[in-house]
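Colleague: Please take me through one helix of this model in detail, including what comes after it and what it packs against.

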Amino acid sequence: MRWLDKPQRRLIAMMGGLCFFAALLEYLIPKPLPFIRLGLAQLPLLLAVDLLGFPAFLVLTAVKIIGQALISGSLLSYLFLFSLGGTAASALLMYGLRRLFGKKLISFLGLSVAGALASNVVSLTLARFLVFGDSVRYAVVPVLALGILTGTLLGLCAEYFSRHSLWYKSQGDNIEGMESPAKPLPLEVEPSRNPEAQKAPFFLPSDLAIAGLCMAAALLSPSVLLVRAIQFFFFALLCWISGRRFKPHVTALVILTVTFFNLLIPYGEILYTAGPLVISSGALAGGLYRGLTLGGLFMVSRFSIRRGLVLPGLLGEILSEALGVFAALSEEPLKLRTKADRAGFLGQLDHLLVGIQKKEPQGAVPKGAGPGVFKSRLVLLGLVTLAWMPVLLV
């Protein structure tokens, strides 16, 4: 990818970091169900359709998918496949429609709604084969309706930001119709107060990733419900001990949701009947098995995939720089003023982006590991052995 010049690589990294920051904001918004996503991380991709050529746009899409999975800890889970399929379909459709019809015939609003629907259709298709089976048809209408709503809101945000952002205006001289934004107020920056962030990690990120792949293989190997439950709690314990936060109630809701959809197609002995709902032994066991597998993969990914994992080549360099942009956006909080402040959140965000653009790119993660590399690898080997032990003993 040496055909990407330095300004293009810098823009991709900036947009990638903005994707990660938008995903962080979405994570902070309360949602009634864990599967509901607003798609805020799609906003930078939507804005980039007018700034990047097709090859560079594909690189940004890859950075968004991989980097978001690294930050959320979902690289080794089913969630990564949903993100990969949904993001790729949405990005390709938005870019293709913009090039086919141009700015005059299709706006950011139209692109956003089309991209949201494409993402939801692919996600529902994957859910049909990976998680819910035929019962996914009950979720089609509400999911597509939500996609239209969120796509509309994101499209309006993109229209506003493209017209009012100084940073966005500076990225391309061929962008027309820009309006001068309100002058942002000076930004107050708080340095990171986490001393642990400066210490070298005990485990090498690459060692953790390899161990995670081995543990994920144990979790995906055919087994019985009891073994899957033991593995799930083991991986949850690993996350808790290592300080990798997760929300137990959200994880439990995911497992219950998968189990419920599995119950909609009963098989095996009938255990209980409540109106139209029939709880059968086969459907209940299969649903719990799938739910625990899904939750276990998320735990493995949270434990083993860290921001210190850097891919080789130019893609790895861009991803590392994008994580640096994300660190600057998330660790230097925006100071919002009163409601009368014309700059507001977007003005402060724009001001911060302009400041980051002027700085030299920096990676976001420390290199190397602390002392005792052999000891750390021995610990990881023991954890992998424990992950496989229930499968081998039963």
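Modeller: A good place to begin is Gly243, which follows helix α9 and has a positive phi, near 80°. This is a predicted model, and the values below are computed from it. Helix α9 itself covers residues 225-242. Its 18 residues, at 1.5 Å a residue, should span 26 Å, and the end C-alpha atoms are 26 Å apart, so the expected span and the model agree.

Next, the buried side of the account. The buried residues of α9 include Val227, Arg228, Ala229, Gln231 and Phe232. Also buried in α9 are Phe234, Phe235, Ala236, Leu238 and Cys239. The helices that these buried residues pack against are α8 (205-220), α10 (248-263), α11 (281-304) and α14.

One of those partners, α14, spans residues 373-393 and contains Ser376. Ser376 has a relative accessible area of 1%, which is under 20%, so this residue counts as buried. The side chain of Ser376 reaches the backbone oxygen of Val373 at 2.7 Å. Beyond its neighbours within four places in sequence, Ser376 is in contact with Phe202 and Phe203.

As for the nonpolar cores, the largest has 49 residues, and Ile12, Met15, Leu52 and Leu329 have the most contacts inside it. Apart from this core lies another, of 24 residues, and Phe232 and Phe234 are among them, as are Met215 and Leu292. Phe232 and Phe234 are also two of the buried residues of α9 listed above. In soluble globular proteins, nonpolar side chains tend to be buried together.

Notes:
Residues are numbered from 1 along each chain as its sequence is written. This is a predicted model: local features need pLDDT of at least 70, side-chain atom pairs count only at pLDDT 80 or more; totals for chains, interfaces and linings use all residues. Side-chain values use heavy atoms; hydrogens and water are left out. Helices (H or I, at least four residues) and strands (E, at least two) are DSSP runs, numbered from the N terminus. Buried means under 20% relative accessible area, exposed over 50%, partly exposed in between (1.4 Å probe, protein chains only). A polar contact is a pair of N or O atoms within 3.5 Å; within protein, one must be able to donate a hydrogen and the other to accept it, and residues adjacent in sequence count only if both atoms are side-chain atoms. Contact means heavy atoms within 4.5 Å. The expected span of a helix is 1.5 Å times one less than its number of residues. A nonpolar core is a set of buried Ala, Val, Leu, Ile, Met, Phe, Trp, Tyr and Cys residues joined through side-chain atoms within 4.5 Å.
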